[in-house]
Amino acid sequence: MDKRIWIIANWKSNKTISEALEWLNQVGPKLQKRENIQVIVCPTFSCLPELKKEIQTHAYPIFLGSQDLSPFDKGAYTGEEPAELLKELVNFSIVGHSERREKFGETDEIVAEKVKQTSSSGIESIFCIQGVKTPIPADVKIAAYEPVFAIGTGTPDTPENAQKVALEINSKNPEVNVLYGGSVTSVNCASFVQQQNIKGLLIGKASLDPEEFLKIIENCAKV
Ligand code: PGA
């Protein structure tokens, strides 16, 4: 298939720095540099500097992303990670994950501010939408459709419905690369990326295990 497939690991609040490095040194050497596969890993903030060094040292074909960022510029915002500083470490950032919307009260307005921050700092947003009704800010080029019922439940959406959603998004936003996320595994991954409008996957639980993650990449590369 001649489309580029995004394979994105969302580790959520998991892995110590040493666990993260162990994962990287298991996955990195086995990854071939492929034109059609783009691998991005989104660890916790605290793992980013060490992972960045290790990726550079070994020239692993992996990009780094954060799982979130501040809606504000740098300044007096205790505890926040602004895009202006994060850009030293990442090329991508997940924005608007449903866990942030539900557990941290993030509104459409807040996530839109975050997208503005990424755009002005040269970071690419991986913008999470929960369905076709989630507003997608203008600068977004990568949107991950992640229905809440499918996240961490072992019950993914059907590839056919994910394709339907992606098609609807693309009818209004033709520039957006639509990804699917929610209970993706090495067994079901290919059935999603086979869909014409699905350009990749955002993977939580199954990305934590290096062997499973490598299998996902292999199975998607064959599509
Ligand atoms: P899951 O999580 O793969 O564990 O369902 C996906 C996500 O929340 O991005």
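A polar contact is a pair of N or O atoms within 3.5 Å, and with that cut-off in mind the tour of this predicted model can begin at the ligand.

Select the ligand together with Lys205, where a polar backbone atom of Lys205 lies 2.9 Å from an oxygen atom of the ligand. Add Ser183, which also offers a polar backbone atom, here at 2.8 Å from a ligand oxygen, and then Asn10, whose side chain places an N or O atom 3.4 Å from an oxygen atom of the ligand. Taken alone the ligand exposes 280 Å², of which the protein buries 97%.

Next, show the shell of 13 residues around the ligand, in which Lys12, His97, Glu146, Gly152 and Ser183 come nearest; sorted by class, this shell holds 4 nonpolar, 6 polar and 3 charged residues.

Move on to the largest nonpolar core, a set of 57 residues in which Ile7, Tyr180, Leu201 and Phe213 have the most contacts. If you centre the view on Phe213 and set aside its neighbours within four places in sequence, you will find it in contact with Ile7, Ala9, Trp23, Val27, Val39, Ile203, Ala206 and Ser207. A second core, separate from this one, has 12 residues, among them Phe92, Ile126, Cys128 and Leu202.

Finish at Lys3, in the segment before strand 1 (5-10). Is Lys3 buried or exposed? With a relative accessible area of 12%, Lys3 counts as buried, because that value is under 20%. Its side chain reaches two backbone oxygens, that of Val193 at 2.8 Å and that of Gln195 at 2.8 Å. Beyond four places in sequence, the residues that Lys3 touches include Asn36, Gln196, Ile198 and Lys199.

How values were computed:
Residues are numbered from 1 along each chain as its sequence is written. This is a predicted model: local features need pLDDT of at least 70, side-chain atom pairs count only at pLDDT 80 or more; totals for chains, interfaces and linings use all residues. Side-chain values use heavy atoms; hydrogens and water are left out. Helices (H or I, at least four residues) and strands (E, at least two) are DSSP runs, numbered from the N terminus. Buried means under 20% relative accessible area, exposed over 50%, partly exposed in between (1.4 Å probe, protein chains only). A polar contact is a pair of N or O atoms within 3.5 Å; within protein, one must be able to donate a hydrogen and the other to accept it, and residues adjacent in sequence count only if both atoms are side-chain atoms. Contact means heavy atoms within 4.5 Å. A nonpolar core is a set of buried Ala, Val, Leu, Ile, Met, Phe, Trp, Tyr and Cys residues joined through side-chain atoms within 4.5 Å. A residue is near a molecule or strand if one of its heavy atoms lies within 4 Å of it. Accessible areas come from the Shrake-Rupley method with a 1.4 Å probe; for residues, only the protein chains shown count as cover. Ala, Val, Leu, Ile, Met, Phe, Trp, Tyr, Cys and Pro count as nonpolar, Asp, Glu, Lys and Arg as charged, and the others, Gly among them, as polar.
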